[in-house]
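Here is a short set of exercises to work through with the model open beside you. Try each task first, then compare your reasoning with the solution below it.

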Amino acid sequence: MNSKIRYASLGLLAVTGLYTGVWAYCSPTSWYANFPGLGLSWLPQLGPYNEHLAKDAGAMLLALAFLTAIALRSVHDTRLVQTTGAVWLLFNVLHFSYHVQHLDMYNTRDQILNVLFLAALILLSALLLFPALPARQDRTR
């Protein structure tokens, strides 16, 4: 995989972790009522509000974002990038698995958006598992 794909995947995962993590940790009531934003609300359908759970989810996502930022600064360190990808992949596969079992709580638009966004996060995570392509050398004859 080339470094541009690594940068993009890590960057999008970091932004996702920061966006959700900061919101959930710093304003858990608002996060619960309004996530993912843009006029959508996906959490109240899943059960009652729990501040401890919301703040823990935010803290975990901030920790993932922190790890991802470190990997982003060391994008050529294949082991670090792959480890970061594996950690995100584990979280995203388990997260996706839960949500696809509970899609009946949402209208059709929100069902589709849940599946698309969560599947995209799995793809971004999985891309990080591929080893870096060797640097291309210019050949002049």
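The exercises below go from the whole chain to single residues.

This is a predicted model, in which local features need pLDDT of at least 70 and side-chain atom pairs count only at pLDDT 80 or more, while totals for chains, interfaces and linings use all residues. Residues are numbered from 1 along each chain as its sequence is written, and side-chain values use heavy atoms, with hydrogens and water left out.

**Exercise 1. The overall layout**

Task: Work out which pattern the helices and strands follow along the sequence.

Solution:
- Begin with the definition: helices (H or I, at least four residues) and strands (E, at least two) are DSSP runs, numbered from the N terminus.
- Counting these runs gives five helices and two strands.
- Reading along the sequence, you get α-α-β-β-α-α-α.
- For the dimensions, take the principal axes: the C-alpha atoms fill a box of roughly 65 × 30 × 25 Å.
- Next comes burial, where buried means under 20% relative accessible area, exposed over 50%, and partly exposed in between (1.4 Å probe, protein chains only). Of the 141 residues, 33% count as buried.
- Finally, look at contacts, meaning heavy atoms within 4.5 Å. Among contacts with a separation of 6 or more, 65% come from residues 24 or more positions apart.

**Exercise 2. Checking the length of two helices**

Task: Compare the end-to-end distances of helices H3 and H4 with the spans expected at 1.5 Å a residue.

Solution:
- The expected span is 1.5 Å times one less than the number of residues in the helix.
- Helix H3 (residues 51-73) has 23 residues, so it should span 33 Å; its end C-alpha atoms are 33 Å apart, which agrees.
- H4 also has 23 residues, and its first and last C-alpha atoms are 31 Å apart, close to the expected 33 Å.
- While you are at the start of H3, find Asn50: one of its side-chain oxygens comes within 3.0 Å of the backbone nitrogen of His52.

**Exercise 3. What covers the buried faces**

Task: Find what the buried residues of H3 and H4 pack against.

Solution:
- In H3, the buried residues include Ala54, Gly58, Leu61 and Thr68.
- Their cover includes helix H1 (3-26), helix H2 (28-34) and H4.
- In H4, Leu80, Thr84, Trp88 and Asn92 are among the buried residues.
- The buried residues of H4 pack against H1, H3 and H5.

**Exercise 4. Three buried polar residues**

Task: Say how Thr68, Asn92 and Asn114 are placed, and which residues they contact.

Solution:
- Thr68 sits in H3 and counts as buried because its relative accessibility is 0%. A polar atom of its side chain lies 2.6 Å from the backbone oxygen of Leu64. Beyond neighbours within four places in sequence, Thr68 contacts Leu10, Leu13, Ala14, Thr84 and Trp88.
- Asn92 belongs to helix H4 (residues 78-100) and is buried, at 1% relative accessibility. With the same neighbours within four places set aside, Asn92 contacts Leu13, Leu121, Ile122 and Ser125. Ile122 is 30 residues away along the chain, yet the two C-alpha atoms are separated by 5.6 Å.
- Asn114 is part of helix H5 (residues 108-127) and is also buried, at 3% relative accessibility. Its side chain has a polar atom 2.9 Å from the backbone oxygen of Asp110. Outside the neighbours within four places, Asn114 touches Trp42, His99, Leu103 and Tyr106.

**Exercise 5. Backbone details around the strands**

Task: Decide whether the peptide bond from Phe35 to Pro36 is cis or trans, and whether Leu38 is buried or exposed.

Solution:
- The Phe35 to Pro36 bond has omega near 15°, and it is cis. Pro36 lies in strand S1 (residues 36-37).
- Leu38 is in the loop between S1 and strand S2 (40-41).
- Phi of Leu38 is near 55°, a positive value in a residue other than glycine.
- With a relative accessible area of 87%, Leu38 is exposed.

**Exercise 6. A partly exposed residue in H4**

Task: Find which residues Val87 contacts, leaving aside neighbours within four places in sequence.

Solution:
- Val87 lies in H4 and is partly exposed, with a relative accessible area of 35%.
- Its contacts are Leu64 and Leu67.
- Val75 is twelve residues from Val87 in sequence, and their C-alpha atoms are 16 Å apart.

Definitions and conventions: A polar contact is a pair of N or O atoms within 3.5 Å; within protein, one must be able to donate a hydrogen and the other to accept it, and residues adjacent in sequence count only if both atoms are side-chain atoms.
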